[in-house]
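Please look through the structure below with the sequence beside it, and follow the paragraphs that come after it step by step.

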Amino acid sequence: MTSRSFLVTGASTGIGRSCVDGLVRSGAHVWATVRTSEDEDALRRDYPEAVTVLRMDVTDDASVRAAGERVLATGPLHGLVNNAGVALPGPLEHIPIEVFRRQIEVNLIGQLTVTQAMLPALRQSREQGQNARIVMVGSIAGRIAGPMLGPYHASKHGLLGLADSLRAELAPSGIPVVLIEPGAIATPIWNRGAAAGDEVFAQFPAAGRERYAAQIADVRATATRAAAHGLPPERVAQVIVTALTGRHPRPRYLVGRDAQAAAMVARLPFRLRYRLTAAKR
Ligand SMILES: NC(=O)c1ccc[n+]([C@@H]2O[C@H](COP(=O)([O-])OP(=O)(O)OC[C@H]3O[C@@H](n4cnc5c(N)ncnc54)[C@H](OP(=O)(O)O)[C@@H]3O)[C@@H](O)[C@H]2O)c1
């Protein structure tokens with residue numbers, strides 16, 4: 001392969017799909033990971049030449065390992081976009097632990113599993129005197145936290161720590177690690193999250209449903225607004241393409257005015273900050 005090569009996880013929809021498009025337009029070859037044959041067919045149809053589709057569930061070690069071996073065998077990898085993610089809402093008092101565990105497995109452990117599997121191919125690029133970069137798609141939800149999205153906040157706060165450690169560890173190898181922190185982006189994650197929330201909510205004891213009904217209604221309204229009025233995913237993809245291909249990538253990129261505003265709130269004294277976010281009720 002002569003062009004630069006990048007791997008994007010969670011390429012079926014939303015930010016991942018837009019990243020594939022942005023990278024292909026920049027002239028790159030893209031490894032795009034999906035979970036279903038329908039999504040595999042759609043990507044093959046839309047990008048018959050520039051995209052190689054891989055089937056991968058980030059929580060399935062064997063599928064991640066196999067993808068890493070295939071990418072390494074084909075040549076160097078110039079950048080990895082750890083994008084795959086889910087948002088599983090619910091009050092921490094009642095959220096089934098297996099749901100919480102799944103949130104962390106997908107959004108945090110999955111990112112590390114994929115990173116470990118792709119590092120040999122990224123190092124190959126460095127050995128050939130070329131760039132190798134790792135982009136983590138975090139969220140402004142990794143800097144602030146509010147009610148009903150505790151599992152998601154925990155995963156994105158964790159990703160921030162993971163990215164900072166990884167950045168320090170890979171600095172001597174010349175592999176920058178970039179954390180992207182978007183605000184609300186109009187993608188299917190919001191409706192998928194609401195559907196997952198409904199399923200979990202139905203399992204709660206009646207008292208729990210009553211206790212948290214108002215907060216759940218609030219978060220649902222926020223999700224509806226974000227799905228309708230969030231920034232288009234192409235805006236995040238542009239930032240990711242810059243982080244992968246620009247000369248001097250920044251360690252972090254906030255995307256969106258809401259993310260900028262929330263980042264300012266995160267710097268306020270704790271008491272004031274909590275009054276504005278988690279403790280508002
Ligand atoms: N939308 C926002 O407002 C927003 C804001 C900040 C950060 N983010 C982050 O952006 C990333 C992408 O989300 P999005 O908004 O673009 O949502 P999305 O359209 O729902 O895309 C999520 C992608 O992740 C994939 N995925 C989910 N579970 C997976 C698993 N176990 N293994 C492999 N792939 C898996 C999905 O594949 P399937 O189609 O097979 O489920 C899909 O391709 C996430 O990390 C999210 O936290 C989103």
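In this predicted model, 30 residues lie around the ligand, and those that come nearest are Gly10, Gly14, Gly85, Thr187 and Ile189. Sorted by their character, the residues of this shell comprise 14 that are nonpolar, 13 that are polar and 3 that are charged. Two helices, H1 (14-25) and H6 (189-201), each supply at least two residues of the shell, and the largest share, 3 residues, comes from H1.

From the ligand we can turn to the strands, beginning with S4, which covers residues 79-82. Strand S1 (residues 5-8) pairs with S4 in the parallel sense over 3 bridges, and within this pairing Phe6 has Gly79 of S4 as its bridge partner. S4 is also joined to strand S5 (residues 133-137) by 4 bridges, and these two strands likewise run parallel; here Gly79 stands opposite Arg133 of S5. Together with helix H4 (residues 97-127), the strands S4 and S5 make a right-handed β-α-β unit.

How do the residues of S4 point? In a regular strand the side chains alternate between the two faces of the sheet. In S4, Gly79 and Val81 point one way while Leu80 and Asn82 point the other way, and all of them are buried.

The last step leads to the largest nonpolar core, which has 73 residues, and in which Ala32, Met118, Val135, Ile180 and Ile240 have the most contacts. Val135 links this core back to S4, for Val135 touches Gly79, Leu80, Val81 and Asn82, and also Val178, Ile180, Ile240, Ala243 and Leu244, when residues up to four places away in sequence are not counted.

Key
Residues numbered from 1 in each chain as written. Predicted model: local features only at pLDDT ≥ 70, side-chain atom pairs only at ≥ 80, totals over all residues. Near = placed C-beta within 6 Å. Nonpolar A, V, L, I, M, F, W, Y, C, P; charged D, E, K, R; others polar. Core = buried A, V, L, I, M, F, W, Y, C linked by C-beta atoms within 7 Å. Buried ≥ 20, exposed ≤ 12 C-beta atoms within 10 Å, placed from the backbone. Contact = placed C-beta atoms within 7 Å. Pairing = 2+ DSSP bridges. Right-handed = clockwise from strand over helix to strand, strands pointing away.
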